[in-house]
Amino acid sequence: MRIRRNVLLLVLSLFCTMCFWSVSSVAGTNMLVNYGINGSWYDPATSGQGFVFDLIPSRNLLAAYWFTYPADGGAREWYLGVGDISGNSVEFTIYQTENGVFDQISAVETNAVGSANLKLSSCGEATWNYTIDTQGLGGEIVLQRLAPDYFCELFLAKANTSVVSHSNAWVNISGEWKFEGCVNLENSDSHGNERFTFTETKLLLEIERYSQPGCQGALSLQTMSLDIQRVDKTIAMLEGAEVIANRFIMTDADSGQEIRQLIYVDDRGSEQRLGHGILDSQPDSDGYPTEIPSLYFYRVKEIH
């Protein structure tokens, strides 16, 4: 086990910058907010009121339209929520629009009135925890889809290669990415060109290992297969600036050892570049690295 673990540490410490953390238990979820949750949701116990969710993928946002009634009953009342997606949950600011007139132009007012959290446990079940500050209201609503879904499960089958990029847009990283260069390792050997291949459920590694510094000496090719699960997105540091990165759980297919890692996609230029967490960076409270080096992989081939 120690030999296998040391090999895993060495292979994954990509040019001495790829950071990972072994964990005995994983606080992740297989559920991710995706296109398939669009549509109507409600609590059967309070039929006649409910929600419509609408994903805005280009901005990593979810809009929630909440159709309900005032606390004292009577006229209809509705709210709008807009929130940032993170894994299987969304944190919303709740707004209310007033002074509108049916099918007429009017000077409406839209004001923030509260907050809410949506957490999905599956493609058909969710909880909505809310606070309406202006009315002193709060509570939890257990929701289910009003109509069957045909897209959520299909999306989840490919969700691990759909990640949020530097610009907060979604990018599919499936296919091959290559780092070209030579990096010396701490134990006086080195490695050269490296290749990542992302499929829907796995990350395949190919690394050129040399027995001496400067990519000299005996050459061997090390390979490894890791199961991957995207958990959510987070903020990491890149050359002193905050960037958006994706938190992944990676599992060694042979030993079952679980790893926590960041994947970062820089899409600001004409060519997308991929990065990952730095070795020895201070981990966050969940054990993920918090820094990314300015060393990148470039896309070789996409998988369609």
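## A strand-rich chain, piece by piece

The protein chain here folds into two helices and 21 strands. Keep in mind that you're looking at a predicted model. Of its 304 residues, 45% are buried. The chain exposes about 15200 Å², and carbon and sulfur atoms supply 50% of that area. Now take the contacts between residues at least 6 apart in sequence: 50% of them join residues at least 24 apart.

### The nonpolar cores

Let's start on the inside. The largest nonpolar core has 31 residues, and the ones with the most contacts inside it are Phe-53, Leu-62, Phe-92, Leu-118 and Trp-128. Which parts of the chain each supply at least two residues of this core? They are strand 3 (50–56), strand 4 (61–68), strand 5 (77–86), strand 6 (89–98), strand 7 (109–120), strand 8 (125–132), strand 9 (137–145) and helix 2 (152–156).

Leu-62 is a good residue to click on. If you skip its neighbours within four places in sequence, Leu-62 still touches a whole list of residues, including Ile-37, Phe-53, Leu-55, Val-82, Ile-85, Val-90, Phe-92 and Leu-118. Not every partner is a nonpolar-core type, though: Asp-54, Gly-81 and Gly-83 are among the contacts of Leu-62 too.

There's another core, lying apart from the one with 31 residues. This other core has 20 residues, among them Ile-173, Trp-177, Phe-196 and Phe-198.

### The largest pocket

Next, look for a hollow. The largest pocket has a volume of about 280 Å³. It is lined by 19 residues, and the closest to its centre are Gln-49, Trp-66, Thr-68, Tyr-130 and Ile-141. Strand 3, strand 4, strand 5, strand 8 and strand 9 each give at least two residues to this lining. Which strand gives the largest share of the lining? That's strand 9, with three residues.

### Salt bridges

Time for some charged pairs. The model has 11 salt bridges. Three of them are set out here, with the distance between N and O atoms.

| Pair | N to O distance |
|---|---|
| Arg-195 and Glu-176 | 2.8 Å |
| Glu-176 and Lys-301 | 3.9 Å |
| Lys-178 and Glu-180 | 3.8 Å |

Glu-176 turns up in a bridge with Arg-195 and in another with Lys-301. What does the bridge between Arg-195 and Glu-176 tie together? Arg-195 sits in strand 14 (residues 190–198) and Glu-176 in strand 12 (residues 175–179), so this bridge holds together parts that are 19 residues apart in sequence. The bridge between Glu-176 and Lys-301 links distant parts of the chain, with Glu-176 in strand 12 and Lys-301 in strand 21 (residues 297–302), 125 residues apart.

Is Glu-176 buried or exposed? The relative accessible area of Glu-176 is 19%, and buried means under 20%, so Glu-176 counts as buried. Both of its partners are partly exposed: Arg-195 has a relative accessible area of 22%, and Lys-301 has 47%.

In the bridge between Lys-178 and Glu-180, Lys-178 is partly exposed at 22%. Glu-180, at 59% relative accessibility, is exposed, because the cut-off for exposed is over 50%.

Some charged residues go beyond pairs. Asp-232, Arg-247, Asp-284 and Asp-286 are linked in a network of salt bridges.

### A few loops to visit

Two loop residues stand out for their backbone angles. Asn-168 has a phi near 70 degrees, which is a positive value in a residue other than glycine. You'll find Asn-168 in the loop between strand 10 (162–164) and strand 11 (170–172). Glu-239 also has a positive phi without being glycine, near 50 degrees. Its place is in the loop between strand 16 (216–238) and strand 17 (241–252).

How do these two residues sit relative to the surface? Asn-168 is buried, at 15% relative accessibility, whereas Glu-239 is exposed, at 68%.

The last stop is Gln-135, in the loop between strand 8 and strand 9. Gln-135 is partly exposed, with a relative accessible area of 33%. Leaving out neighbours within four places in sequence, Gln-135 is in contact with Ala-71, Glu-77 and Tyr-79. How far apart in space are Gln-135 and Gly-114? They are 9.1 Å apart, C-alpha to C-alpha, with their positions 21 residues apart in sequence numbering.

Note on methods:
Residues numbered from 1 in each chain as written. Predicted model: local features only at pLDDT ≥ 70, side-chain atom pairs only at ≥ 80, totals over all residues. Heavy atoms only, no water. Salt bridge = Lys/Arg side-chain N within 4 Å of Asp/Glu carboxyl O. Helix = DSSP H or I, 4+ residues; strand = E, 2+ residues; numbered from the N terminus. Buried < 20%, exposed > 50% of the residue type's maximum accessible area, 1.4 Å probe, protein only. Contact = heavy atoms within 4.5 Å. Areas by Shrake-Rupley, 256 points an atom, 1.4 Å probe, with all protein chains shown as cover. Core = buried A, V, L, I, M, F, W, Y, C linked by side-chain atoms within 4.5 Å. 1 Å grid on protein atoms, 1.4 Å probe; cavity = no way out; pocket = protein on both sides within 12 Å on 5 of 7 lines; lining within 4 Å. Points joined across faces, edges and corners; volume = space filled by probe spheres on them.
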